[in-house]
Amino acid sequence: MSRDLEGRFRDRSVARDLQTLADMIEIWCEGHHADRERPPLQSEASGLGVYRRRVRVCEECAGHLGYAEKRRALCPKDPKPFCAHCEIRCYRREEAAWQRQVMRYSGPRSMWRGHFLDALRHMLETFRHRRRRPPGPSNRPAALAGNPGRGDSGQPPR
Ligand code: SF4
Ligand SMILES: [Zn+2]
């Protein structure tokens, strides 16, 4: 791992976001993969002690979380918006779709697991984002239009 990436993992806001994400993925994994083995996560971020506690997810979910760790650490946005509100959309399309379904499932359930304020923050930012954004697909940045094969971002998958 490069020093840059290591430094990004140690950033407080990166660590906080990753903890929230790991909690959401854990809730998803418990609900959908209860019959699988869920050993303690072994990832680049967990190896650096980014998570406050042991994260337990199955191998498949660990792969998704590992991918998201890097995307979050290397995010060029500061302050970072919710990915759904970002015009860059650096996630691969299938990873973005996977994470959306996780959030839909785990978001409401996470409110009773210490994420009440995160859920509130999410609702408020979504509300503000919708008010700022004029309606209609024509408002997508031109560079992002008509690029169905490369994720929503129009950028090659990383
Ligand atoms: S989609 Fe946007 S906000 Fe989300 S990690 Fe990528 S660049 Fe950052
Ligand atoms: Zn799982």
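Me: Happy to look at this one together! How many disulfides does the count come to?
Reply: Good place to begin, and do keep in mind that this is a predicted model. A disulfide is a covalent bond between the sulfur atoms of two cysteines. Here a pair of cysteine sulfur atoms would have to lie within 2.5 Å. By this rule the count comes to 0 disulfides.

Me: Which residues coordinate the zinc ion (ligand 2)?
Reply: Some cysteines do have a partner of another kind, since the zinc ion (ligand 2) takes SG donors from cysteines and an ND1 donor from a histidine, at 2.1 to 2.4 Å. Along the sequence, the spacing of these donor residues reads C-x3-H-x24-C-x2-C. The residues are Cys29, His33, Cys58 and Cys61.

Me: What is the geometry of the site of the zinc ion (ligand 2)?
Reply: Let's go by the angles. Four donors count as tetrahedral if all angles lie between 85 and 135 degrees. The 4 donor atoms here make angles of 99 to 121°, so they meet that rule. The site is tetrahedral.

Me: How many residues apart are histidine 33 and cysteine 58?
Reply: Histidine 33 sits in the loop between helix H2 (12-32) and helix H3 (44-47), while cysteine 58 is in the loop between H3 and helix H4 (59-73). Histidine 33 is buried at a relative accessible area of 8%, and cysteine 58 is buried at 1%. The pair links distant parts of the chain, and the two are 25 residues apart.

Me: How many charged residues are in the shell around ligand 1?
Reply: Ligand 1 has around it Arg71, Cys75, Pro76, Lys80, Pro81, Cys83, Cys86, Ile88, Arg89 and Cys90. Of these cysteines, cysteine 75 is buried with a relative accessible area of 15%, and cysteine 90 counts as buried at 16%. The shell divides into 7 nonpolar residues, no polar ones and, for the charged group, 3.

Me: Across the whole structure there are 3 aromatic pairs; what is the angle between the planes of tryptophan 28 and tyrosine 105?
Reply: Tryptophan 28 belongs to helix H2 and tyrosine 105 to helix H5 (residues 93-110), 77 residues apart. Tryptophan 28 counts as buried, at 9% relative accessibility. Their rings are 5.6 Å apart centre to centre and edge-to-face, with an angle of 90°.

Me: Why does the pair of tyrosine 67 and tyrosine 91 tie together parts that are 24 residues apart in sequence?
Reply: The two rings are edge-to-face, 5.5 Å centre to centre with 75° between the planes. Both tyrosine 67 and tyrosine 91 are buried. The pair ties those parts together because tyrosine 67 lies in helix H4 and tyrosine 91 in the loop between H4 and H5.

Note on methods
Residues numbered from 1 in each chain as written. Chains lettered and ligands numbered in written order. Predicted model: local features only at pLDDT ≥ 70, side-chain atom pairs only at ≥ 80, totals over all residues. Heavy atoms only, no water. Donors = N, O, S within 2.8 Å, 3.2 Å for Na, K, Ca; no water. Tetrahedral: all angles 85-135°; square planar, octahedral: opposite > 155°, others 65-115°. Helix = DSSP H or I, 4+ residues; strand = E, 2+ residues; numbered from the N terminus. Buried < 20%, exposed > 50% of the residue type's maximum accessible area, 1.4 Å probe, protein only. Near = heavy atom within 4 Å. Nonpolar A, V, L, I, M, F, W, Y, C, P; charged D, E, K, R; others polar. Phe/Tyr/Trp six-rings, centres within 6.5 Å; stacked < 30°, edge-to-face > 60°.
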